[in-house]
Amino acid sequence: MIEPIKEASFVISSPEYTKCPKPDRAEYAFIGRSNVGKSSLINMLTGVKGLAKTSAMPGKTQLINHFLINNSWFLVDLPGYGFARISKAQREVFESMIKNYLLKRNNLINTFILIDSRHAPQAIDLAFIEWMGTVSLPFSIVFTKSDKLGKTKLQEHTTAYKNQLLETWEELPPIFITSSEKKLGRDEILKYIGTLHPLFTADR
Ligand code: GTP
Ligand code: MG
């Protein structure tokens with residue numbers, strides 16, 4: 001179990017995992033396509049508007065951003081993948097920054113992969129999920145912006161995703177449906193983090 005979030009503060013933005021804060025606390029990261037709603041979700045979960053910088057323009061978050069919760073654990077806002085308006089070389093730098101962070105950050109307990117609930121399964125998201133599988137990193141799936149579509153479409157898209165995942169996975173990861181706008185899915189995600197929290201030991 002974890003305490004409800006009483007305090008959330010920005011710690012540091014890092015250009016690579018070696019520059020991140022000392023890995024001595026449990027950490028949970030948020031990843032997904034550019035503009036999917038990662039920063040908004042962090043603000044919604046912590047209840048602090050403007051804590052993580054958001055923007056209608058994709059590519060807002062360009063560094064690894066650490067937020068300290070209750071002076072005890074970290075939430076991490078990562079840059080989005082698949083941002084079209086950058087050079088191939090720049091994209092490769094971003095990609096290796098994210099992948100190195102995910103592979104080497106010893107205190108990372110779980111990564112939440114955000115998927116825009118408005119779309120049918122997208123190749124780039126499926127490829128990222130596949131990569132997480134091949135390197136055996138634990139993850140959950142968070143559908144975002146559920147306020148932007150009707151119940152039927154939402155159901156249709158999430159079911160299509162689940163079916164797609166079941167083609168390569170024996171079982172589904174934890175799946176959350178959220179809206180940062182309507183504050184949906186907050187309790188479920190925080191409760192889940194609470195169940196994972198004891199997994200952290202300083203000597204991992
Ligand atoms: P990058 O940092 O650029 O990778 O984007 P991000 O994934 O952090 O997305 P961000 O939180 O900045 O949100 C992108 C846009 O989507 C903003 O205009 C948000 O207001 C909007 N948005 C995010 N979540 C929701 C949601 O749940 N509902 C609605 N309607 N809009 C949302
Ligand atoms: Mg962002």
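# Close-up views of a predicted model

A search of the whole structure, which is a predicted model, finds 1 cavity of 30 Å³ or more.

**View 1. The largest cavity and the residues that line it.** About 40 Å³ of space lies inside the largest cavity. Its lining is made up of S34, G59, T61, Q62, P79, G80, F83 and F94. When these lining residues are sorted by character, 3 are nonpolar and 5 are polar, while no charged residue takes part.

**View 2. The largest pocket and its lining.** The largest pocket has a volume of about 670 Å³, and 30 residues line this pocket. Among these lining residues, G37, S39, S40, T54 and S180 are the ones that lie nearest the centre of the pocket. Helix α1, which covers residues 38-46, gives the most to the lining, with 5 residues. Sorted by character, the lining of the largest pocket holds 6 nonpolar, 15 polar and 9 charged residues.

**View 3. The open sheet of 7 strands.** Read across the sheet, the strands follow the order β1-β3-β4-β2-β5-β6-β7, and their pairing is mixed. The edge strands are β1 (8-14) and β7 (175-177), each of which pairs on one side only. From one strand to the next, the twist averages 25 degrees.

**View 4. Strand β1 beside strand β3.** The edge strand β1 pairs with β3 (residues 64-69) in the antiparallel sense, and 6 bridges are found between these two strands. A pair of residues to look for here is S14 and I64, since the two residues stand opposite each other, with I64 in β3.

**View 5. Strand β2 between its two neighbours, β4 and β5.** On one side, β2 runs parallel to β4, and the two strands are joined by 4 bridges. With β5, strand β2 also pairs in the parallel sense, this time over 6 bridges. Residue E27 can be followed in both directions, for it stands opposite F74 in β4, and its bridge partner in β5 is L108. In a regular strand, the side chains alternate between the two faces of the sheet. In β2, E27, A29 and I31 belong to one side, and Y28, F30 and G32 to the other, and these residues are all buried, so that both faces of the strand are covered.

**View 6. Residue I31 in strand β2.** How buried or exposed is I31? This residue counts as buried because its relative accessibility is 0%, and the cut-off for buried is under 20%. Leaving aside residues up to four places away in sequence, I31 touches K38, L78, P79, Y81, I98, T111, F112, I113, L114 and F128. The C-alpha atoms of I31 and V142 are separated by 9.8 Å, although the two residues are 111 residues apart along the chain.

**View 7. Strand β6 next to strand β5.** Strands β5 and β6 run parallel and are joined by 6 bridges, and in β6 the bridge partner of D116 is T144. Strand β6 is mostly covered, with 6 of its 6 residues buried. On one side of β6 the buried residues are F139, I141 and F143, and on the other they are S140, V142 and T144, which leaves both faces covered.

**View 8. Helix α5 lying across the sheet strands.** Helix α5 (residues 186-196) lies across β2 (27-32), β4 (73-77), β5 (108-116), β6 (139-144) and β7. Relative to β5, this helix runs at about 155 degrees.

**View 9. Two loop residues with positive phi, N35 and S136.** N35 is found in the loop between β2 and α1, and its phi is positive, at about 80 degrees, although N35 is not a glycine. N35 counts as partly exposed because its relative accessibility is 32%. S136 lies in the loop between α3 (123-134) and β6, where its phi, near 55 degrees, is again a positive value in a residue other than glycine. With a relative accessible area of 61%, S136 is exposed, since the cut-off for exposed is over 50%.

Terms used
Residues numbered from 1 in each chain as written. Chains lettered and ligands numbered in written order. Predicted model: local features only at pLDDT ≥ 70, side-chain atom pairs only at ≥ 80, totals over all residues. Heavy atoms only, no water. Pairing = 2+ DSSP bridges. Axes fitted to C-alpha atoms, helices over the stretch in contact; angles between N-to-C directions. Contact = heavy atoms within 4.5 Å. 1 Å grid on protein atoms, 1.4 Å probe; cavity = no way out; pocket = protein on both sides within 12 Å on 5 of 7 lines; lining within 4 Å. Points joined across faces, edges and corners; volume = space filled by probe spheres on them. Nonpolar A, V, L, I, M, F, W, Y, C, P; charged D, E, K, R; others polar. Buried < 20%, exposed > 50% of the residue type's maximum accessible area, 1.4 Å probe, protein only.
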